[in-house]
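Please look over the sequence and the structure shown below before reading on. The report that follows takes up a few topics in turn.

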Protein chains: 2
Amino acid sequence: MADPSKPARSEDNGPPAKRGKPTLRTIAEITGLAVTTVSRALAEAPQISADTRKRVREVAIEIGYSPDRAAQRLKTGRTNVIAVLLDPHEEILGYGTSIMSGIAKALQGTSYHLIVMPNFLNSTNVEAVNYITRNSMADGLIFSRTEPLDPRVMLLSEIGFPFVTHGRTELSTPHAYVDYDNFTFSYQATRRLIAKGRRKPALISGPADFTFAGHLQHGFMTAVREAGCAYEILSGIDLDSPAGDIRDRVRQRYGEPDPPDSFMCGGEVCALATITGMSDCGLTLGNEYDIVAKQTSHLLGAIQPQVETIYEDLTATGEDMGRVLLQRIGGETDVGKLQLLLSPQIPANW
Amino acid sequence: MADPSKPARSEDNGPPAKRGKPTLRTIAEITGLAVTTVSRALAEAPQISADTRKRVREVAIEIGYSPDRAAQRLKTGRTNVIAVLLDPHEEILGYGTSIMSGIAKALQGTSYHLIVMPNFLNSTNVEAVNYITRNSMADGLIFSRTEPLDPRVMLLSEIGFPFVTHGRTELSTPHAYVDYDNFTFSYQATRRLIAKGRRKPALISGPADFTFAGHLQHGFMTAVREAGCAYEILSGIDLDSPAGDIRDRVRQRYGEPDPPDSFMCGGEVCALATITGMSDCGLTLGNEYDIVAKQTSHLLGAIQPQVETIYEDLTATGEDMGRVLLQRIGGETDVGKLQLLLSPQIPANW
DNA sequence: TGGCCAATTTAAAACGTTATAAATTCAGCA
DNA sequence: TGCTGAATTTATAACGTTTTAAATTGGCCA
């Protein structure tokens, strides 16, 4: 059967070390150790003597070894990848970029890489989540635009796949999240309008689907009820609406009776659109009306400093999400450590 | 249809099919073919009979098979990954998100995934490029903020690693790029200002490092020279400057002799900052001065419609870059097909 | 019927890593 | 000296895929 003399079989000690990238075997050949030992040594396994570990480490650095991720992944089943669901929206200035920079910062120095799954592929991005988990494309998942009964959260919780949401749900099963305290933001911002003497604030809230819209509304309502003043939640538009629509709606509203005298805007684009709409009606900011807005850039401060703003640092948020996810992947189960509610920084002069 | 699920013990045909994800072997066991054959069949190899191919394909779909990327990558050396260098800048509205959405769109339906390498740490992101190529993290690379003698381009060209830049270089070795024709944009925009009767346009250009800054400047200069009018290139600021700095600089300039009477702005944030600065001096847009700007969102149209704008579609740009990169990876060497210069859409009423 | 070539299918090896189990060394002690 | 057990190191076998080379089938013709 088997011919003893096989063709092209190299005589010496296995195949010649490939000219390409160094592998564990390269190190093994240099040090005279077995591949297994080298692998263990680099993993700092206690069963390998300190001497050997040191020598292996040195050689590895010297020849510029870095492990093949594909092989590791194949063997261990772990991908060393974090996936983030990207929404192609840009109504919140710099949202995607900031979040991703932040996550990447948290991942820096770890073996994790960041992959982007844009979710326009799938109308409901449950499909994207399914795709990622089924094909084990990542070890963890990050996404935003969280809904109170978010189907993605239910799915991932059920199968025990690590994830962190930007925003909370109202589900009973706890899960990792990082959220901005939009209730407090909205409450304080609305109080500020009232403190300035305004008697009928209007809220331009987030799309009703998302949990944070409810928080904004709750904070707003709490403030107006406390003050016992009139209020309005502007219908027909939300923070996702194109700036032109917001402008039109604001202008239109002023043609009707009992218009609001101030606005609580969830984002800077919304604030700018509102200002323009009011300006169309001949009204000046700080004079006939006021605006308080959340900003995620520093644009308003430079362009419309009359708008009172609270800054939300999305890069820091991303970094938090990355950190939390790593903890979760690392096996942390104490939800106390996996749930972060970031406090708005209320300006000192309010 | 599905037979009753197999009992916990398997017969004598090798190890029990793992309960987990289906692999080639699962299909092999079901069809009675060899793993090799299944692999070939799924690759639509002509040496496999059409009958077999069809049967294998059907079974694959039925059991929801999808190939293990780690194994493919390990074996073939191809990663099926495209990397994009992300700049944490957001002076250009929605830049990162739009570009990435576009790339992802181009990658849709292919086996490629998109990974993000943020380059905030490495001042020159040559290091990031090195990291990606040395560790074969991707099959192709996309980046922007291209410089005339871009070291990344030189490096990648030298080692023959597929890449596409957003923007051109002035290197003699040709390479794949997608660029917006900033010369034409700038030329036409400046002509527009002059056609409106302005006699001293000012340019706020990109950071001098980047190639496109030169193109903007060249277009601007061509127009003012043709018209024989005065001009100014605003010093001390550029499109990367914070909005506040631009505002301050514009205001300051108006305190000095011979101020410009119009502006050519490369982005909408710059335009807004300029308007604010002029407003500080009591000047009104469309009255004492005019602005033409490039916009990458639809913000200006809603907020400051008096600004004349040319729209640059960054999502489409990303999609082009993705497509071009796939061609390049596919072996296309005809640079004619790998170099795209996108024409500005000049408004009809200019 | 046998032979030969083409058409299919297959077995075995390999990619680089880690997990499992086994082997080797070596000191301590009776 | 010989035994024991701890401390190290090692061989072997995977992970799921593709590649290389070989084997099997079948058709056709002499």
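Which kind of contact do the side chains of A:Asp248 and A:Arg251 make?

## Salt bridges within one helix

In this predicted model, the side chains of A:Asp248 and A:Arg251 form a salt bridge, with 2.7 Å from N to O. Both residues belong to helix α10 of chain A, which covers residues 243–254, and they stand 3 residues apart, about one turn of the helix. A:Asp248 has a relative accessibility of 38% and therefore counts as partly exposed, and A:Arg251, with a relative accessible area of 33%, is partly exposed as well.

A salt bridge within a helix is also found in chain B, where the side chains of B:Lys54 and B:Glu58 meet at 3.2 Å, N to O. Because these two residues are 4 residues apart in helix α3 of chain B (residues 50–63), about one helical turn separates B:Lys54 from B:Glu58. B:Lys54 is partly exposed at 47% relative accessibility, and B:Glu58 is partly exposed with a relative accessible area of 45%.

## A salt bridge between distant parts of chain B

The side chains of B:Asp290 and B:Arg198 meet in a salt bridge of 2.8 Å, N to O. This pair links distant parts of the chain, since B:Asp290 lies in strand β9 (residues 290–295) of chain B while B:Arg198 lies in the loop between α8 (182–195) and β6 (201–204), and the two are 92 residues apart. Are these residues buried or exposed? With a relative accessibility of 6%, B:Asp290 counts as buried, and B:Arg198 is buried with a relative accessible area of 12%.

In chain A, a network of salt bridges links A:Arg192, A:Lys196, A:Arg198, A:Asp290 and A:Glu308. Over all chains, a search of the whole structure finds 44 salt bridges.

## Where chain B touches chain A

How many salt bridges does the rule find across the interface of chain B and chain A? The rule finds 0 there, although 8 residue pairs are in polar contact between the two chains, counting pairs with both residues at pLDDT 80 or more. The elements of chain B that each supply at least two residues of the side touching chain A are α4, α5 (95–107), β2 (113–118), α6 (126–134), α10 (243–254), α11 (268–280) and α12 (299–303). Of these, α5(B) gives the most, with 6 residues, and by class this side of chain B has 24 nonpolar, 13 polar and 9 charged residues.

In terms of contacts, 46 residues of chain B meet 46 residues of chain A. The area buried between the two chains is about 3,500 Å², and carbon and sulfur atoms give 69% of that area.

## The surface near DNA strand D

There are 23 residues around DNA strand D, and those that come nearest are B:Leu24, B:Ser39, B:Arg40, B:Tyr65 and B:Lys75. Among the atoms of the strand that come within 4 Å of the protein, sugar and phosphate account for 59%. By class, the residues of this surface divide into 8 nonpolar, 10 polar and 5 charged.

Side chains of both chains approach the bases of DNA strand D: a polar side-chain atom of A:Lys75 lies 3.4 Å from a base nitrogen, and an N or O atom in the side chain of B:Arg40 is 3.4 Å from a base oxygen. In the side chain of B:Gln72, an N or O atom is 3.2 Å from a phosphate oxygen of the strand. The elements that give two or more residues to this surface are α2 (35–42) and α4 (69–76) of chain A, together with α2 (35–42) and α4 (69–76) of chain B. The largest share, 4 residues, comes from α4(B).

Note on methods
Residues are numbered from 1 along each chain as its sequence is written. Chains are lettered from A and ligands numbered from 1 in the order in which they are written. This is a predicted model: local features need pLDDT of at least 70, side-chain atom pairs count only at pLDDT 80 or more; totals for chains, interfaces and linings use all residues. Side-chain values use heavy atoms; hydrogens and water are left out. A residue is near a molecule or strand if one of its heavy atoms lies within 4 Å of it. A polar contact is a pair of N or O atoms within 3.5 Å; within protein, one must be able to donate a hydrogen and the other to accept it, and residues adjacent in sequence count only if both atoms are side-chain atoms. Ala, Val, Leu, Ile, Met, Phe, Trp, Tyr, Cys and Pro count as nonpolar, Asp, Glu, Lys and Arg as charged, and the others, Gly among them, as polar. A salt bridge is a side-chain nitrogen of Lys or Arg within 4 Å of a carboxyl oxygen of Asp or Glu. Buried means under 20% relative accessible area, exposed over 50%, partly exposed in between (1.4 Å probe, protein chains only). Contact means heavy atoms within 4.5 Å. Buried area is the accessible area (1.4 Å probe) that two parts lose on being put together, summed over both.
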